[in-house]
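Open the model in your viewer and keep the selection panel at hand. Each stop below says what to select and what you will find there.

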Amino acid sequence: MSKVLIEDNFEDSFDCSEWAEQATIPATDHDLLILTQKLSNQLVPTKVFFQAVAIAAYDGESAFRYADNYLTSAKHKNRQKNVLLLRKPLTNFDYN
């Protein structure tokens with residue numbers, strides 16, 4: 001009787017639908033082509049590109065998230081630089 005209760009609890013604690021959602025799928029050749037095009041449209045370091053490809057070998061979705069996060073952060077940093085350039089004085093006065 002206790003064996004039946006343990007098996008019921010074991011089956012209830014591991015829902016198969018949760019495991020199916022967490023399965024990782026490597027990127028296909030088509031996915032790698034799309035990822036390469038996405039990263040080649042911007043100036044990205046080769047280290048970032050190769051890291052995205054390495055991630056894609058194990059999980060395609062994570063590679064795209066990694067690329068999106070990098071491009072978003074690079075865009076944000078570029079925007080901050082442009083704001084700082086606008087704050088500089090337009091003329092350069094020498095105080096003698």
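Of the protein's 96 residues, 12% count as buried. Bear in mind that this is a predicted model. Show the surface next. About 8700 Å² is exposed, and carbon and sulfur atoms supply 59% of that area.

Switch to the cartoon. You will see five helices and zero strands. Along the sequence the pattern reads α-α-α-α-α. Now think about contacts with a sequence separation of 6 or more. Residues 24 or more positions apart account for 64% of them. Several of the stops below show pairs of that kind.

**Stop 1: the core**

Select A27, L35, L39, V44, A52, A56, A63, A67 and L71. These nine residues form the largest nonpolar core. Colour them by helix. Helix 3 (29–40), helix 4 and helix 5 each supply at least two of the core residues. Which helix gives the most to this core? Helix 5 does, with three residues.

**Stop 2: A56**

Stay in the core and centre on A56. You are in helix 4, which spans 46–56. Is A56 buried or exposed? Its relative accessible area is 2%, so A56 is buried; the cut-off for that label is under 20%.

Show what surrounds A56. Beyond its neighbours within four places in sequence, A56 contacts P26, A27, L32, L35 and A63. Three of these partners, A27, L35 and A63, are listed in the core as well. Draw a distance from A56 to L32. The two sit 24 residues apart in sequence, with their C-alpha atoms 7.5 Å apart.

**Stop 3: V44**

Move to V44, another member of the core. V44 is found in a loop, the one between helix 3 and helix 4. Setting aside residues up to four places away in sequence, V44 touches L39, Y70 and L71. L39 and L71 belong to the core too. Pick the C-alpha atoms of V44 and L71. They are separated by 8.3 Å, although the residues lie 27 apart along the chain.

**Stop 4: the salt bridge**

How many salt bridges does a search of the whole structure find? It finds one. Select D68 and K38 to see the pair. Their closest N and O atoms are 2.4 Å apart. D68 lies in helix 5 and K38 in helix 3, so the pair ties together parts that are 30 residues apart in sequence.

Check the surface around each partner. D68 counts as partly exposed, at 31% relative accessibility. K38 is also partly exposed, with a relative accessible area of 28%.

**Stop 5: D59**

Go to the loop between helix 4 (46–56) and helix 5 (60–87), and select D59 there. D59 is buried yet has no salt bridge. Which side chain of opposite charge is nearest to D59? R65 is, at 4.3 Å. A salt bridge needs the nitrogen and the carboxyl oxygen within 4 Å, so this pair does not count as one.

Now turn to the side chain of S62. A polar contact of 2.5 Å joins it to the side chain of D59. Widen the selection. Not counting residues up to four places away in sequence, D59 touches T24, I25, P26 and R65. P26 should look familiar, as it also contacts A56.

**Stop 6: E61**

Finish at E61, in helix 5. Is E61 buried or exposed? It is exposed, with a relative accessible area of 59%. Draw one last distance, from E61 to P26. Their C-alpha atoms are separated by 8.3 Å, and the residues are 35 apart along the chain.

Methods: Residues numbered from 1 in each chain as written. Predicted model: local features only at pLDDT ≥ 70, side-chain atom pairs only at ≥ 80, totals over all residues. Heavy atoms only, no water. Helix = DSSP H or I, 4+ residues; strand = E, 2+ residues; numbered from the N terminus. Buried < 20%, exposed > 50% of the residue type's maximum accessible area, 1.4 Å probe, protein only. Lys, Arg positive; Asp, Glu negative; His and termini not counted. Polar contact = N/O pair within 3.5 Å; in protein donor to acceptor, adjacent residues only side chain to side chain. Contact = heavy atoms within 4.5 Å. Core = buried A, V, L, I, M, F, W, Y, C linked by side-chain atoms within 4.5 Å. Areas by Shrake-Rupley, 256 points an atom, 1.4 Å probe, with all protein chains shown as cover.
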